[in-house]
Amino acid sequence: MIAPMCLFCRILEGQVPATTVAETPLSLAFRDIDAKAPTHVLVIPRRHVPDLGELAEYPDELADVVALAARVADDEGLDHGYRMVANTGAGAGQTVFHAHLHLLGGRELTWPPG
Ligand code: 5GP
Ligand code: ZN
């Protein structure tokens, strides 16, 4: 289940430091190292799959990632609104090929994102 060269698997294993904000038995939430908003948290499944679409093969784990992101949004007081983003594929800006949701909030978020 762990892909040894994968950055997020290494964060899950404690081999790369990260600022954890919440976790469940299935998922981990930690702050993005290059925050694009006052709240920018990455929520990842403990299972290594390359993108969120692939995680749909494990519905409980997909639901857990979404629920944890919503819980962090609540904890961070993002009651004005927030965005969950899953960049999928290099053409959409995905750079780490371990499924993750970006949780963004704490500022006005324009739409479309560009
Ligand atoms: P993607 O571009 O794949 O959608 O998102 C990957 C995210 O991982 C980027 O927003 C990037 O800033 C973040 N990131 C890259 N390396 C690290 C790291 O070592 N630690 C943390 N916390 N975030 C990282
Ligand atoms: Zn991984």
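Biologist: Which is Val72, buried or exposed?
Modeller: This is a predicted model, where local features need pLDDT of at least 70 and side-chain atom pairs count only at pLDDT 80 or more, while totals for chains, interfaces and linings use all residues. Residues are numbered from 1 along each chain as its sequence is written, chains are lettered from A and ligands numbered from 1 in the order in which they are written, and side-chain values use heavy atoms, leaving out hydrogens and water. Val72 has its place in helix 3, residues 59-75; helices are DSSP runs of H or I with at least four residues and strands are runs of E with at least two, numbered from the N terminus. The relative accessible area of Val72 is 2%, and the cut-offs are under 20% for buried, over 50% for exposed and partly exposed in between (1.4 Å probe, protein chains only), so Val72 is buried.

Biologist: Which residues coordinate the zinc ion (ligand 2)?
Modeller: Donors here are N, O and S atoms within 2.8 Å of the metal (3.2 Å for Na, K and Ca). At 2.1 to 2.3 Å, the zinc ion (ligand 2) has two SG and two ND1 donors, from Cys6, Cys9, His48 and His98.

Biologist: What is the geometry of that zinc site?
Modeller: Four donors count as tetrahedral if all angles lie between 85 and 135 degrees. The ideal angle for four tetrahedral donors is 109.5 degrees. Angles among the 4 donor atoms of the zinc ion (ligand 2) run from 103 to 119 degrees, so the site is tetrahedral.

Biologist: How many residues apart in sequence are the parts that Cys6 and His98 tie together?
Modeller: Along the chain, the donor spacing is C-x2-C-x38-H-x49-H. Cys6 lies in the segment before helix 1 (7-12), whereas His98 sits in the loop between strand 4 (82-85) and strand 5 (101-105), so the parts tied together are apart in sequence by 92 residues.

Biologist: Which relative accessible area does His98 have?
Modeller: Two of the cysteine donors are buried: Cys6 has 10% relative accessibility, and Cys9 has 1%. His98 is also buried, and its relative accessible area is 0%.

Biologist: Which residue's backbone oxygen lies 2.7 Å from a polar side-chain atom of His100?
Modeller: His100 is in the loop between strand 4 and strand 5, and at 6% relative accessibility it is buried. A polar contact is a pair of N or O atoms within 3.5 Å, and the backbone oxygen at 2.7 Å from the side chain of His100 belongs to His98.

Biologist: How much of the accessible area of ligand 1 does the protein cover?
Modeller: Ligand 1 is surrounded by 17 residues, the closest being Arg31, Asp32, Gly93, Thr95 and His102, counting those with a heavy atom within 4 Å. Oxygen atoms of ligand 1 lie 2.9 Å from an N or O atom in the side chain of Asn87 and 2.8 Å from a polar side-chain atom of His102. Of the 510 Å² that ligand 1 has on its own, by the Shrake-Rupley method with a 1.4 Å probe, the protein covers 84%.

Biologist: Which residue has its backbone oxygen 3.2 Å from a polar side-chain atom of Arg46?
Modeller: Arg46 is in the loop between strand 3 (39-45) and helix 2 (52-55), and at 24% relative accessible area it is partly exposed. A polar atom of its side chain lies 3.5 Å from the backbone oxygen of Ser27. The backbone oxygen at 3.2 Å is that of Pro25.

Biologist: Which residue does a cis peptide bond join to Trp111?
Modeller: Omega is about 0 degrees at this bond. The partner of Trp111, placed in the segment after strand 5, is Pro112.

Key. Tetrahedral: all angles 85-135°; square planar, octahedral: opposite > 155°, others 65-115°. Polar contact = N/O pair within 3.5 Å; in protein donor to acceptor, adjacent residues only side chain to side chain.
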